[in-house]
Amino acid sequence: MPVRLLLATSNPGKRREYRALAGTGGGIEIDLLPEFASLPAFDESAPTFAENAAGKALHYSRFTSELLLAEDSGLVVPALGGAPGPHSARYGGPDATDADRVRKLLGEMNGRTGSEREARFVAVVALARQERVLAIFSDFVEGVLAHEARGQNGFGYDPIFLFKPLGRTFAELASEEKNLYSHRARAFRKAADFLRSREAGLLL
Ligand code: IMP
């Protein structure tokens, strides 16, 4: 029997990626948490990805009896003290678009070269059921900030995240390629391995 997960996110980019990841993972099915848009929103203003992911998972697990997956993710730039970090979605203000956020970050990176352009995408995945967090998994992928946006795929900061092993930005990768290497894919694979394990059998 496949394990069924309900996903709590309004981000269409994340939804697409999780559907594809579950499709290739084997034994895991993902659906969107029903009525997600009309549920009270969770305030993701904690300073760590883990706190936001666990908080989100606990909050939305009140609205279903099924197993729930919530994720907090973002882009960490050590030279900027970790910014935009857990505030990646709101960087540049509440009305900013992905393109505005990319522009703002490129502005902050002006004049920075070499190791100062290093960045990593981080994802923390929390699994919860009925107001209990069952497990948390995290992972990251390293890259370098490009000098200008490149590519049309993906979402968010993908056009400026240069993935060195392939010499392309995440927005220049086909979705199947991004799903091999991304922070989200790596964290999700850990969650999927856990869900297929005997340990999870005792909890679920
Ligand atoms: P949140 O987890 O809903 O707070 O949003 C995470 C934010 O981090 C997104 O809105 C993007 O701005 C950024 N982000 C997270 N993962 C990715 C990714 O895979 N590509 C590009 N941007 C990402």
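The ligand is surrounded by 18 residues, each with a heavy atom within 4 Å of it. Lys 14, Asp 158, Lys 178, His 183 and Arg 184 are the closest. This is a predicted model, where local features need pLDDT of at least 70, side-chain atom pairs count only at pLDDT 80 or more, and totals for chains, interfaces and linings use all residues. Residues are numbered from 1 along each chain as its sequence is written, and side-chain values use heavy atoms, with hydrogens and water left out.

**Around the ligand**

- By class, the shell holds eight charged residues (Asp, Glu, Lys and Arg), four nonpolar ones (Ala, Val, Leu, Ile, Met, Phe, Trp, Tyr, Cys and Pro) and six polar ones (the others, Gly among them).
- Asp 158 places a polar side-chain atom 2.7 Å from a nitrogen atom of the ligand, a polar contact being a pair of N or O atoms within 3.5 Å.
- Glu 44 has a polar side-chain atom 3.0 Å from an oxygen atom of the ligand.
- For Asp 72, a side-chain N or O atom is 3.0 Å from an oxygen atom of the ligand.
- Taken alone, the ligand exposes 490 Å², and the protein buries 94% of that (Shrake-Rupley method, 1.4 Å probe).
- Strand S3 (68-76) and helix H5 (183-195) are the elements that give two or more residues to the shell; helices are DSSP runs of H or I with at least four residues, and strands are runs of E with at least two.
- S3 provides the largest share of the shell, four residues.

**The sheet**

- Seven strands make an open sheet with mixed pairing, in the order S2-S1-S3-S4-S5-S6-S7; two strands pair if DSSP finds at least two bridges between them.
- Strands S2 (28-32) and S7 (168-169) are at the edges with a single partner strand each, so one side of each has no neighbour in the sheet.
- S6 (residues 161-163) pairs with S7 in the antiparallel sense over two bridges.
- Phe 163 stands opposite Arg 168 in S7.

**Backbone details in the loops**

- Most residues other than glycine have a negative phi, and most peptide bonds are trans.
- Ala 83 and Pro 84 are joined by a cis peptide bond, with omega about -10 degrees.
- Pro 84 belongs to the loop between S3 and helix H3 (98-108).
- Glu 35 is not a glycine, yet its phi is positive, about 60 degrees.
- Glu 35 sits in the loop between S2 and helix H2 (49-60).

Note on methods. Polar contact = N/O pair within 3.5 Å; in protein donor to acceptor, adjacent residues only side chain to side chain.
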